[in-house]
Each structure stands twice: as structure tokens, then as C-alpha cells.
Amino acid sequence: MTWVNLTSVEQLEEIKQANGYSLIFKHSTRCSISLMAKRNFEFSWDVIPADTKLYFLDLISYRDISNTIATEFSVAHQSPQILLIKNGECVLEASHSDISADEVAEVIAA
């Protein structure tokens, strides 16, 4: 699996309109906790179905996109944070040590 860099607000519309699941990983490049959460997620992300699109947001560089995500998907801003999107709705949100590829796979399989 590979990340798609989330660098424009227009990509959020693509995510909302996409068939299947999309995941957004919001990452602070200045935070060691965020780096650890990202590494742990990537270590076990092979449990997530291959057709799931994985988007990576560097929220230091793209804070405006992070703010739009909070508004569009009615979630509080966190870092690190994952949002699993299906049919334009956030069906799973987790942050910090609650970020789990296994949980993402379970929600998709349900």
C-alpha cells in the first residue's frame, strides 16, 4: 500500500464522492507521538483491503485542509488522527494511541 498525498481541498470532494472506503491520516511532522502512530499504522496496514485509498495529510503544511476536514466530516481536530470515509461520511475516527489498522479492517469487513 502507498499513501496519496492530500494537498488540496479539491481532493476532499473526490474522497467524498469515491466508491468504497478512503482513509485520511492526519500527521504532524513536528510530533514524535504522531510519527510513532504513523509507523505503527504502516507496520500493520496490510490487514486493510488493498482497494482502500490511503490519504496522507501533512497538517503543518496544509492546516487549511485539516480545518476543512474537521468541518466537512464533523470531527474535532486531532493530531495524529485517522478518518475512515465511506459514501461521504466519516464512519470511523481515531486519534493518538487509538489509531489501529486492525480496527480499520474490522469496520470495512463489517
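Contact, as I shall use the word, means heavy atoms within 4.5 Å. Good morning. The structure before you is a predicted model, and I shall begin with one residue, Ser-34, before moving outward to the sheet and the helices.

Ser-34 belongs to helix H2, which spans residues 32-44. Is this serine buried or exposed? Its relative accessible area is 0%, and because buried means under 20%, Ser-34 counts as buried. Which residues does Ser-34 touch, once neighbours within four places in sequence are set aside? They are Phe-25, Lys-26, His-27, Ser-28, Ser-79 and Pro-80. One of them, His-27, also makes a polar contact with Ser-34, side chain to side chain, at 2.7 Å.

His-27 leads us to the sheet. Strand E2 covers residues 21-27 and pairs with E3 in the parallel sense, over 6 bridges. Within this pairing, His-27 stands opposite Asp-58 of E3, and Lys-26 has Leu-57 as its bridge partner there. Helix H2 joins the picture as well: E2, H2 and E3 make a β-α-β unit, and the unit is right-handed. H2 lies across E1, E2 and E3, and runs at about 150 degrees to E2.

Let me turn to E3 itself, residues 53-58. Of its 6 residues, 5 are buried, so the strand is largely enclosed by the rest of the structure. Besides E2, strand E3 is joined to E1, residues 3-5, by 3 bridges, and these two strands run parallel. Here Asn-5 stands opposite Phe-56 of E3.

How are the strands ordered in the sheet as a whole? The sheet is open, with 5 strands in the order E1-E3-E2-E4-E5, and its pairing is mixed. E1 and E5, the latter at 89-95, stand at the edges; each has a single partner strand, so one side of each is left without a neighbour in the sheet. On average, neighbouring strands of this sheet are turned by 25 degrees against each other, direction ignored.

Finally, I come to a pair of helices. H1, residues 9-17, packs with H3, residues 63-72, at an angle of about 35 degrees, and their axes are 10 Å apart. The contact is made by Val-9, Leu-12 and Lys-16 on the H1 side, and by Ile-65, Thr-68, Ile-69 and Glu-72 on the H3 side. The crossing of these two helices is right-handed.

To close, I return to the starting point: Ser-34 is a buried residue of helix H2, and its side chain makes a polar contact with that of His-27. Thank you.

Conventions:
Residues numbered from 1 in each chain as written. Predicted model: local features only at pLDDT ≥ 70, side-chain atom pairs only at ≥ 80, totals over all residues. Heavy atoms only, no water. Helix = DSSP H or I, 4+ residues; strand = E, 2+ residues; numbered from the N terminus. Buried < 20%, exposed > 50% of the residue type's maximum accessible area, 1.4 Å probe, protein only. Polar contact = N/O pair within 3.5 Å; in protein donor to acceptor, adjacent residues only side chain to side chain. Pairing = 2+ DSSP bridges. Right-handed = clockwise from strand over helix to strand, strands pointing away. Axes fitted to C-alpha atoms, helices over the stretch in contact; angles between N-to-C directions. Left-handed = near helix turned anticlockwise from the far one by under 90°.
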